[in-house]
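Thank you all for coming. I would like to walk you slowly through one protein structure today, so please look at the display before I begin.

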Amino acid sequence: MEDRVLVYTRTPLGEYTESLSSSIHLALSEDGAPFEPLNQNYGILFPEATVSEHNTILEKGAKNPFLFRTREGGFGLVAVRVAPRGAQDEESRGCVLVWTSTDLTEFRSRGLLRLHNSLHVDAVACQYDEAVGAYEFLWRDADGNVFVNQVVDLAGGGSKGPRPGSRFVCVGGVHA
């Protein structure tokens, strides 16, 4: 067996509010043991808030996170940015959040990556495809339509697509 990592968001319970629940959490399973939440089951990544035209803070959250291996052998993490209580975030329409890490203890935000100009992204998965030298983003819109984008650079460079995809299957966890 091997160690496995699970990435997730939480359900708000008691003092653990909606905004804290919408952060990114990690859990570890060592050699097939049950998953144990890391960081005392508190979030480790929080989407950055924005400021409205009226100078008020617009809180952001995340949903449907997905962990994958990068071209360099590190880790990438993608998620859908949402407004409070999981509502669609108009400011990030067509985009996903991207973070990278070499060791799953320190993360670098790559910001929002645009996959479409007008559709809301509901869920996303990613993998690096060596044959084409690009990351393949498989994503589903709010109506259940599936699309694929190829992205050369996780910081947003060299994006192709979207093109229709056949079906969206997202299996969580990356082998560590």
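**A pair of facing residues, and what surrounds them**

Let me start with a single pair: Leu28 stands opposite Glu36, which belongs to strand 3. By strand I mean a DSSP run of type E with at least two residues, numbered from the N terminus, and two strands are said to pair if DSSP finds at least two bridges between them. Strand 2 and strand 3, the latter covering residues 36–37, run antiparallel and are joined by two bridges. Together they make a hairpin with six residues between the strands, and in that turn Asp31 has a positive phi of about 50°.

Before going further, I should say that this is a predicted model, in which local features need pLDDT of at least 70 and side-chain atom pairs count only at pLDDT 80 or more, while totals for chains, interfaces and linings use all residues. Residues are numbered from 1 along each chain as its sequence is written, and side-chain values use heavy atoms, with hydrogens and water left out.

As for confidence, pLDDT is the predictor's confidence in each residue, on a scale from 0 to 100; its mean over the protein is 89, and 93% of the residues reach 70 or more. Over residues 171–176, however, pLDDT stays under 50, and for this stretch the model has 17 contacts beyond four places in sequence, a contact being heavy atoms within 4.5 Å.

Returning to strand 2, residues 25–29, four of its five residues are buried, where buried means under 20% relative accessible area, exposed means over 50%, and partly exposed lies in between, using a 1.4 Å probe and protein chains only. Strand 2 also pairs with strand 1, residues 4–8, in the antiparallel sense over five bridges, and there Val7 has Leu26 as its bridge partner.

Further along the chain, four strands form an open antiparallel sheet in the order 10-11-12-13, with strand 10 and strand 13 (159–164) at the edges, each pairing on one side only. Strand 10 and strand 11 run antiparallel and are joined by eight bridges, and Ala125 stands opposite Leu138 of strand 11. Ala134 lies in strand 11 as well, and counts as buried at 4% relative accessibility. Leaving out residues up to four places away in sequence, Ala134 touches Gln127, Tyr128, Asp129, Gln150, Val151 and Val152.

What about the interior? A nonpolar core is a set of buried Ala, Val, Leu, Ile, Met, Phe, Trp, Tyr and Cys residues joined through side-chain atoms within 4.5 Å. The largest one has 19 residues, of which Phe68, Val78, Val96, Leu113, Leu115, Val124 and Phe137 touch the most other members. Among the elements giving two or more residues to this core are strand 6 (61–69), strand 8 (95–101) and strand 10 (121–129), and strand 10 gives the most, with four residues. Apart from this core lies another, of 13 residues, including Ile24, Phe75, Leu77 and Leu104.

Finally, how many disulfides does a search of the whole structure find? The search finds zero, a disulfide being defined here as a pair of cysteine sulfur atoms within 2.5 Å. Why does Cys95 have no such bond? The closest cysteine sulfur, in Cys126, is 15 Å from the sulfur of Cys95, which is too far for a bond. Cys95 is buried at 6% relative accessibility, and Cys126 is buried too, with a relative accessible area of 5%.
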